[in-house]
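Let's go through some of the labels one could put on this model and ask what backs each of them up.

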Amino acid sequence: MIVVGGEALIDLVPVAQPPGALVPRPGGGPYNTALALGRLGAEAAFCSRVSTDGFGEGLLAGLRAAGVDLSLVQRGPEPTTLAVPSLAPDGSAAYGFYVEGTADRLFTLPPELPAGTRALALGTCSLALEPGASAYEALLRRESGRGVLTLLDPNIRPALIADPAAYRARFLGWLPYVSVLKLSEEDARWLGGSVSDWLAAGPSAVVLTRGARGLAAWTRAGARYEVPARPVAVADTIGAGDTVNAALLHRLSGIAADAPVDWPEVLAYAAHAAALTCTRAGAEPPYAAELSG
């Protein structure tokens, strides 16, 4: 099983008609990653705290429809977090957030993950907002110590980070517990440092998403791999990076710890899945059958 920990929220996505209208869509980096895993056919579970309001019920219904295990989901009466993306002409998104007193940031550390958990993914708002951030950090450290494959996607949202220097220091403290660090070029610029620095701190691999230039990966053994992006008509890029997370986890979690990784194949699979997500408005990751060709 692959466990994804972090927030589930509602993206208020702008649409062309009527002018100025916002359409609520399920979102949140971890939520999108779990949804994508389920659609890709992986055995996945979502680990979070979700509101009992109407938005929360809708979020869980989406995961349930994708076959995602919800046994680790905590519930609370607080409202669901709202995110308002603004889209650039190339389809890229920036975000504003409504997070005060919302359910997902009150997550507490679960006593254990299901037997057979092979991988854990964490990232985005959940690692920036207390008190939940400390609980997710404790989960990362605990499961890494048990030998679970861990993927970290910082997915930086500057509007949520009150003290950038403190966050950057905390990020470096996570790296010894991370197997795969996946981040965007924008994340890398904001965080500072270099791939070689990050690899030296702990991860076995660093994967960088580069928009229209595709994906690149570096390993601690000194190898570098690149694959191009698939050309598509882009509706927006919401959820594309989260789909990359899911595709990486789906492929990597099935490989024995001592077996070599076919990084060109893994990256090509992730690029294909992300491209399909970009053709749809909002975070709508593909199903396994769509990647079979």
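Q: How does H7 pass H8 in this predicted model, in a left-handed or a right-handed crossing?
A: H7 passes H8 in a right-handed crossing. The axes of H7 (residues 240-252) and H8 come within 8 Å and cross at roughly 145°.

Q: Which residues make the contact of H7 with H8?
A: From H7 you get Ala240, Thr243, Val244, Ala247, Leu248, His250, Arg251 and Leu252. H8 brings in Trp263, Glu265, Val266, Leu267, Tyr269, Ala270, Ala273, Ala274, Thr277 and Cys278. Sorted by class, that contact has 13 nonpolar, three polar and two charged residues.

Q: What makes H8 a mostly covered helix?
A: Of its 16 residues, 13 are buried, where buried means under 20% relative accessible area.

Q: How do you know that the span of H8 is close to the expected one?
A: Helix H8 (residues 263-278) reaches 22 Å from its first C-alpha to its last, and 22 Å is also what 1.5 Å a residue leads you to expect.

Q: Why is cysteine 278 called buried?
A: Its relative accessible area is 12%, and the cut-off is under 20%, so cysteine 278 counts as buried.

Q: Why is cysteine 47 not paired in a disulfide?
A: The closest cysteine sulfur, in cysteine 125, is 16 Å away from the sulfur of cysteine 47. A disulfide needs the two sulfurs within 2.5 Å, so that is too far for a bond. Cysteine 278 is in no disulfide either, with the sulfur of cysteine 125 as its nearest at 19 Å. The disulfide count comes to zero.

Q: Is cysteine 47 buried or exposed?
A: Buried: its relative accessibility is 0%, against a cut-off of under 20%.

Q: Why is serine 179 called buried?
A: At 18%, its relative accessible area falls under the 20% limit, so buried is the right word for serine 179. Serine 179 is in the loop between helix H4 (164-174) and strand E11 (180-184). Setting aside neighbours within four places in sequence, serine 179 is in contact with Val148, Leu149, Thr150, Pro203, Ser204 and Ala205.

Q: What do the buried residues of H3 pack against?
A: They pack against strands E1, E4, E5, E9 and E10, and against H4. The buried residues of H3 include Tyr136, Leu139 and Leu140. Just after H3, glycine 147 takes a positive phi of about 90°.

Conventions. Residues numbered from 1 in each chain as written. Predicted model: local features only at pLDDT ≥ 70, side-chain atom pairs only at ≥ 80, totals over all residues. Heavy atoms only, no water. Helix = DSSP H or I, 4+ residues; strand = E, 2+ residues; numbered from the N terminus. Expected span 1.5 Å × (residues − 1). Buried < 20%, exposed > 50% of the residue type's maximum accessible area, 1.4 Å probe, protein only. Contact = heavy atoms within 4.5 Å. Axes fitted to C-alpha atoms, helices over the stretch in contact; angles between N-to-C directions. Left-handed = near helix turned anticlockwise from the far one by under 90°. Nonpolar A, V, L, I, M, F, W, Y, C, P; charged D, E, K, R; others polar.
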